[in-house]
Amino acid sequence: MKVLKIDHIGIAVKSIDATGQLYNGLLGLQHAGNETVAEQKVTTAFFPVGDTEVELLESTAPDGPIAKYLEKKGEGVQHIAFRVENIEEALAELKSKGVQLIDEKPRRGAGGAKIAFLHPKSTFGVLIELCERE
Ligand code: ZN
């Protein structure tokens, strides 16, 4: 498998609007838009930084994965996404080497990317997302 770059850093927040004053106001990043991924019960906001992006994640439902994360751990860095050349190949290789996968098969993430998560038990506590974009 080949990792190309850090695609984005996912940050769980209670309110995307409330964090605008930091990412946009204080840090001066451009807000590249919001997207709701209904299946994940999340709204994402992207702030490109050089060759990568900050992805803010706000829950759209009290039982969504981000709502549960906030309950347990509070706001903060939630995952790191590595862009890979071929996500199916990467998942197969990692699985064959004993890495526990959350997603056996890629699903659709924001921006039409193919994404899959690795289990933090296998990655020293970091929730790692793999993503492939065309
Ligand atoms: Zn992500």
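**Notes on the zinc site, the sheet and the core**

1. His79 comes out buried, at 3% relative accessibility. Bear in mind that this is a predicted model. His79 is one of the residues that coordinate the zinc ion, and another of them, His8, is also buried, with a relative accessible area of 1%. Both histidines count as buried because the cut-off is under 20% relative accessible area.

2. Now the metal site itself. The zinc ion is held by His8 and His79, each through NE2, and by Glu55 and Glu129, each through OE, at 2.0 to 2.5 Å. The angles among the 4 donor atoms run from 84 to 164°, and the site is irregular. Along the sequence, the donor spacing reads H-x46-E-x23-H-x49-E. The histidine pair ties together distant parts of the chain: His8 sits in strand E1 (residues 3-12) and His79 in strand E5 (residues 76-84), 71 residues apart.

3. How are the strands ordered in the sheet? Going across, the order is E2-E3-E4-E1-E5-E8-E7-E6, an open sheet of 8 strands with mixed pairing. The edges are strand E2 (34-37) and strand E6 (107-108); each has a single partner strand, so one side of each lacks a neighbour in the sheet.

4. Start at the E2 edge. E2 pairs with E3 in the antiparallel sense over 4 bridges, and Val37 has Val42 in E3 as its bridge partner. The E2-E3 hairpin has 4 residues between the strands, and Lys41 there takes a positive phi near 55°. Next along, E3 and E4 run antiparallel and are joined by 8 bridges, with Thr43 opposite Glu58 in E4. These two strands form a hairpin as well, with 2 residues between them, and Gly50 in its turn has a positive phi of about 55°.

5. Strand E3 is mostly covered, with 6 of its 8 residues buried. Helix H1 (residues 16-26) lies across E1, E2, strand E3 (42-49) and strand E4 (52-59), and runs at about 155° to E4. Val42 is a good residue to click on here: Val42 lies in strand E3 and counts as buried at 6% relative accessibility. Setting aside neighbours within four places in sequence, Val42 is in contact with Glu35, Thr36, Val37, Leu57, Glu58, Ser59, Thr60 and Ile66. For a sense of scale, Val42 and Asp103 are 17 Å apart, C-alpha to C-alpha, with their positions 61 residues apart in sequence.

6. Is strand E8 enclosed or open? With 5 of its 5 residues buried, E8 is largely enclosed by the rest of the structure. In a regular strand, side chains alternate between the two faces of the sheet. In E8 both faces are covered: Ile128, Leu130 and Glu132 are buried on one side, and Glu129 and Cys131 on the other. Glu129 is also one of the zinc ligands, and Ala81 stands opposite Glu129. E5 and E8 run parallel, joined by 4 bridges.

7. On to the other edge. E7 and E8 run antiparallel with 5 bridges between them; there, Leu118 has Ile128 in E8 as its bridge partner. E6 pairs with E7 in the antiparallel sense over 2 bridges, and Arg108 stands opposite Lys114 in E7.

8. The largest nonpolar core has 11 residues: Val84, Ile87, Ala90, Leu91, Leu94, Val99, Leu101, Ala116, Leu118, Ile128 and Leu130. Helix H3 (87-96), strand E7 (114-118) and strand E8 (128-132) each supply at least two of them, and H3 gives the most, with 4 residues. Nonpolar side chains do tend to be buried together in soluble globular proteins.

9. Last, Val99 and Lys121. Val99 belongs to the largest nonpolar core, and beyond its neighbours within four places in sequence, Val99 is in contact with Leu94, Leu118 and Ser122. Lys121 lies in the loop between E7 and E8. Is Lys121 buried or exposed? Lys121 counts as exposed, at 69% relative accessibility. The C-alpha atoms of Lys121 and Val99 are separated by 8.8 Å, although the two residues are 22 residues apart along the chain.

Key: Residues numbered from 1 in each chain as written. Predicted model: local features only at pLDDT ≥ 70, side-chain atom pairs only at ≥ 80, totals over all residues. Heavy atoms only, no water. Donors = N, O, S within 2.8 Å, 3.2 Å for Na, K, Ca; no water. Tetrahedral: all angles 85-135°; square planar, octahedral: opposite > 155°, others 65-115°. Buried < 20%, exposed > 50% of the residue type's maximum accessible area, 1.4 Å probe, protein only. Core = buried A, V, L, I, M, F, W, Y, C linked by side-chain atoms within 4.5 Å. Contact = heavy atoms within 4.5 Å. Pairing = 2+ DSSP bridges. Axes fitted to C-alpha atoms, helices over the stretch in contact; angles between N-to-C directions.
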